[in-house]
Amino acid sequence: MRPILVKGHERALTMIKYNKEGDLLFTVSKDHHPSVWYADNGEHIGTYHGHTGAVWCVAVNESSTLLLTGSADNSARLWDVPTGNELMVFKHPAPVRAVDFALGDGHFLTALDNIMGNKPTISVYELTPNIRQSATGQSDSPTLKFIGHDGKINRALWGPLNKTIVTCSDDASVRVWDAATGEQIHKIHAHRDKVTDIQYAWDASFLVTASKDGSAKLIDMDSFEIVKSYECDRPLNSAHISPLRECPYVIVGGGQDAMSVTTTSSKMGKLDAVFFHLVFEDELGSVKGHFGPINTLAIAPHGRSFASGGEDGYVRIHHFDPSYFTAEEEAFNPAFLQPPAEK
Amino acid sequence: MPELRDVPEGEAVVAEPAKAKWADAEEEGAEGEEGEGERTLERTETEVDRHGLKQVTIFKINDHNRKIKCTQTVKVEKKQVRVPKAVVERRGWAKFGRCTDQPAGYHGAGYSFSGESVTSFDISEQTLELKPKSQKLEESNKAAEKAFANTKQEGTFVAWKPSARPTGADGLPPDEDAGSRTTYSNAGAREWAEKHGALGAVQPSGGGGGGSSSLEALAAGAGGGSRYVPPSMRNSDGSRMATPAYQERDDTTTVRVSNLSDDVTDQDLRDLFRRFGSIQRVYLAKDRETGLSRGFAFVNFYSRDDAQTAINKLDGHGYDHLILSVSWAAPSEKK
């Protein structure tokens, strides 16, 4: 495959996200302008202007009409996706590290950094249905606010049916909260180091975590137990599960710390995206290309492509070759076991 | 893209463009625009016929200022792709923010543009081979490769030599030590034998016959009767046969085949020579690096008559665009 190189950000990417159909790709970086792209060819659609600090996180709703971003300028902003208009600013006392829309767009959550004496707080906001037309009636204060974690919250997601909120943090744990009361339901000691990313499988039955301790874990969302562990030899920043049944893979990305990139060659830096077998935990292969650590990585919901955003400021969109979709089948039915093809 | 240069006026180049990847097409398109001084004068296209083919005729002036006609036959394939309605609607969006000056909508795969943001294809192809790491390690066994790399040097098995060079009592290498008169290689062999406990019965050749090989001694020890002798090597009384068990190959029934092409295989030779009689062995010389034939082979028949027939029939016979030369093999030198 020949990756599409997207150079639209001046600084390191912090998060990329596909919309539901996988035709749009939203990218946010440490420069102040979230961007949206056609994911198929990397064509730039537009930028969202308003933030005055590094943007840490992005979320898009089911219908790809609303965009939510959280930034180091102590605000979360709501945008109209097709026009780029800013709909609402939600002020916070600290940088917003994670945002996510609830299923059905009725609510959204934000999670805060723990700098400047702030406690890592998770807030839940209500969203009025026709916010795109007018912002009247939209409250800018949260309906629920609770303090969680002992360290910076890196990602926060709504659980199945909006009943729970799942967060991961620098304190090496993944925690599950009751979305109505803010009580802690589970604390999963998943890692030995900072948990940098959590992402769901396509049906939210499993959660994959990525950690600075160099491993990614698969967590069952029913029992909250760690079912699989993918060991990698580098600090990980992101992990995602392929949605296709014929391609049971987990892609992880990371690399050495950003500060040591300039002192080692890109070959030694382990800056490639690594593929693991979802079930057998085998390391299968890797895709090179970035010359900085991969900060964020996402597989399109249709499973035919994936994109990675790096500390180097590039987004690389990879469309898989046909061989990718048959590799698993061939591994179980190798050519020498198959009847010879007729000539 | 078909080659357009140096085509005399009036002659047509018909190219059947392979189904190129759109990524390549995009790049080549850009290349063509940039130049080489070609100017298109006229371009005509026929309708797509029922086989899905159309003819594109282009008149150009090439580098050498000559007018050329270029005809391309292009196969047009229509592929139906289902796209969600929402996606179709989104593909018509106007650009906004920093991209306001860009044309609205989605421009299809391979669209390149230049604004403040740049989208391009990676210059290098990325391959993703999904194979477990353990399997990959097995396939490229570095340790084994290393061991056998030594055998390539001068055709000797250096890998099996003891790594530490044995030295005499005065610190000199033993072959320079007049006292014990053992040669270096003998000392090596003995060290090996001692390590493996084979020298237990045999006296270290101290005084008499110090120069004799310890391997010989080893063989003598084996003949002593207490040692196990494999059945194939036993005489009728159970003692070890004097001669090696394997028979010397009879070179008198071997023919040498030369002027073979690169891609001949053992099986091809078997098929070719089988018709003259039963074959003992086929040896095809192959290149160590590429595994391709080096152009000659030895075929060992059971009977000399068969071999003679093969020579008569096949010498000068055309095979795989080359003319074979088949003759009696020169008897191999005794080692």
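This report covers two helices of chain B, the overall make-up of that chain, and a surface patch on chain A.

## Chain B overall

The model is predicted. Chain B holds eight helices and 11 strands. Its length is 335 residues, and 27% of them count as buried.

Contacts in chain B often span the sequence. Among those between residues at least 6 apart, 46% join residues at least 24 apart. Chain B exposes about 23,400 Å². Carbon and sulfur atoms supply 50% of that area.

## Helix α8 of chain B

Helix α8 runs over residues 304-314 of chain B. Its buried residues are B:Asp306, B:Ala307, B:Ala310, B:Ile311 and B:Leu314. They sit on the same side of α8(B), because they cover an arc of only 140 degrees around the axis. The other side of α8(B) carries B:Asp305, B:Asn312 and B:Lys313, which are exposed.

What do the buried residues of α8(B) pack against? Their partners in chain B are three strands and one helix: β6 (254-258), β8 (293-301), β11 (325-328) and α7 (266-273).

## The two ends of α8

At the start of α8(B), B:Ser303 makes a side-chain to backbone approach. One of its side-chain oxygens comes to within 3.2 Å of the backbone nitrogen of B:Asp305. B:Asp305 is also one of the exposed residues of α8(B).

Just after the helix comes B:Gly316. Its phi is positive, at about 85 degrees.

## Helix α7 of chain B

In α7(B), the buried residues are B:Leu269, B:Leu272 and B:Phe273. They cover an arc of only 85 degrees around the axis, so they lie on the same side of α7(B).

These buried residues pack against several elements of chain B. The strands are β6, β7 (279-286), β8, β9 (318-319) and β11. The helix is α8. The packing thus appears from both helices: the buried residues of α8(B) pack against α7, and those of α7(B) pack against α8. Strands β6, β8 and β11 figure in the packing of α8(B) and in that of α7(B).

## A nonpolar patch on chain A

Which residues of chain A form a nonpolar patch on the surface? They are A:Val279, A:Phe280 and A:Phe332. Together they have about 290 Å² of accessible area.

A:Phe280 lies in a loop of chain A, between β24 (273-277) and β25 (283-287). Its relative accessible area is 45%, so A:Phe280 is partly exposed. That value is over the 30% needed for a residue to join a patch.

Terms used
Residues are numbered from 1 along each chain as its sequence is written. Chains are lettered from A and ligands numbered from 1 in the order in which they are written. This is a predicted model: local features need pLDDT of at least 70, side-chain atom pairs count only at pLDDT 80 or more; totals for chains, interfaces and linings use all residues. Side-chain values use heavy atoms; hydrogens and water are left out. Buried means under 20% relative accessible area, exposed over 50%, partly exposed in between (1.4 Å probe, protein chains only). Helices (H or I, at least four residues) and strands (E, at least two) are DSSP runs, numbered from the N terminus. The arc is that of the directions from the helix axis to the C-beta atoms. Contact means heavy atoms within 4.5 Å. A polar contact is a pair of N or O atoms within 3.5 Å; within protein, one must be able to donate a hydrogen and the other to accept it, and residues adjacent in sequence count only if both atoms are side-chain atoms. Patches are made of residues with over 30% relative accessible area and no salt bridge: like charges are joined within 9 Å, nonpolar side chains (Val, Leu, Ile, Met, Phe, Trp, Tyr) within 5 Å. Accessible areas come from the Shrake-Rupley method with a 1.4 Å probe; for residues, only the protein chains shown count as cover. A salt bridge is a side-chain nitrogen of Lys or Arg within 4 Å of a carboxyl oxygen of Asp or Glu.
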